[in-house]
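Good morning, colleagues. Please bring up the sequence together with the structure, and I shall take you through three places in it.

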Amino acid sequence: MRIVLPLSILVLLFACSLKSAMNISFRPGDLWLDDNGVHINAHGGGILWHDGAYYWFGEHKIAGRKGNAAWVGVHVYSSIDLYNWRDEGIALSVVKDDTTDIREGCVLERPKVIYNAKTGQFVMWFHLEFKGTNYRTARSGVAVAASVTGPYRYVRSFRPNAGHWPKNIEERQKQVPEQFREHDYSGGELPDAPDKLNLCARDFADGQMARDQTLFVDDDGSAYHLYASEENSTLHISRLTDDYLSYSGDYIRVFTGRFMEAPAICKRDG
């Protein structure tokens, strides 16, 4: 029996044979190697589909407990089939400069990238904790690039929606009980149900907490940021500005008191 393979598959077979064995399936439990035969290093990642290829962005980790912090940056790989990945290098690098938010040793997690058709820019968002703050920073970081694989230029970090109330907040939730007004629960258990603490009101002036997160672009080009907030007890869904670089002030609270992290979202049947 004669088997005829499509040209695209033949090209991929030839390219992979030059460096490493081609993957034709997923192999759970095995090391997943890139085109150089090196273990893929893209943790807490997100995948962008753009112009006929997939791009996988993730945290580049180093070995040991020190690897919980960022010492390299965000790694990016490309693929046309989700099995075989080409190393495209470091998309966003952390730096030695102590005056910047993304200095070596900070926590830079869950990088996600979307494309803005209006500006022609690729926009990366990530969860950022300043070096040495032990997860008390709870910020969103933003970087941009003209090319999908970068290099990305760091723009800034900030807390979401300072001075804005969520659309679905109740009047009773806008007042913070005095005994909880200045308390920081980062890294510890909350003493009561989150809605009794009114953590959203506590953070109203300086901006809401933002940790594990993802991005979503709707069919009309509107982009949304989903992230764990209020000491990780509640998810927020925030609409971004048209350039995808900031918050519009339009957001809602969902899954209150559920302590759900690292959301993922897709649109199905409208």
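Glycine 58 has histidine 75 as its bridge partner in β3. This is a predicted model, and I ask you to keep that in mind throughout. The strands concerned are β2, residues 53-60, and β3, residues 73-79; they run antiparallel and are joined by 7 bridges.

Let us widen the view to the sheet. Its 4 strands follow the order β1-β2-β3-β4, the pairing is antiparallel, and the sheet is open. At its edges lie β1 (43-50) and β4 (86-93), each of which pairs on one side only. From one strand to the next, the twist averages 25 degrees.

The second place is a loop. Between β7 (139-145) and β8 (153-158) we find glycine 150. Where in space does glycine 150 stand with respect to glutamate 88? Their C-alpha atoms are 9.1 Å apart, while the sequence separates the two by 62 residues. Setting aside residues up to four places away in sequence, glycine 150 touches Ala91 and Ala145.

I come finally to asparagine 116, in strand β5, residues 107-116. Is asparagine 116 buried or exposed? Its relative accessible area is 1%, and since the cut-off for buried is under 20%, asparagine 116 counts as buried. The side chain of asparagine 116 reaches two backbone atoms: the nitrogen of lysine 118 at 2.9 Å, and the oxygen of aspartate 243 at 3.4 Å. Beyond its neighbours within four places in sequence, asparagine 116 is in contact with Gln121, Asp242, Asp243 and Tyr244.

Thank you for your attention.

Note on methods: Residues are numbered from 1 along each chain as its sequence is written. This is a predicted model: local features need pLDDT of at least 70, side-chain atom pairs count only at pLDDT 80 or more; totals for chains, interfaces and linings use all residues. Side-chain values use heavy atoms; hydrogens and water are left out. Helices (H or I, at least four residues) and strands (E, at least two) are DSSP runs, numbered from the N terminus. Contact means heavy atoms within 4.5 Å. Two strands pair if DSSP finds at least two bridges between them. Axes are lines fitted to C-alpha atoms, for helices over the stretch in contact, and angles run from 0 to 180 degrees between N-to-C directions. Buried means under 20% relative accessible area, exposed over 50%, partly exposed in between (1.4 Å probe, protein chains only). A polar contact is a pair of N or O atoms within 3.5 Å; within protein, one must be able to donate a hydrogen and the other to accept it, and residues adjacent in sequence count only if both atoms are side-chain atoms.
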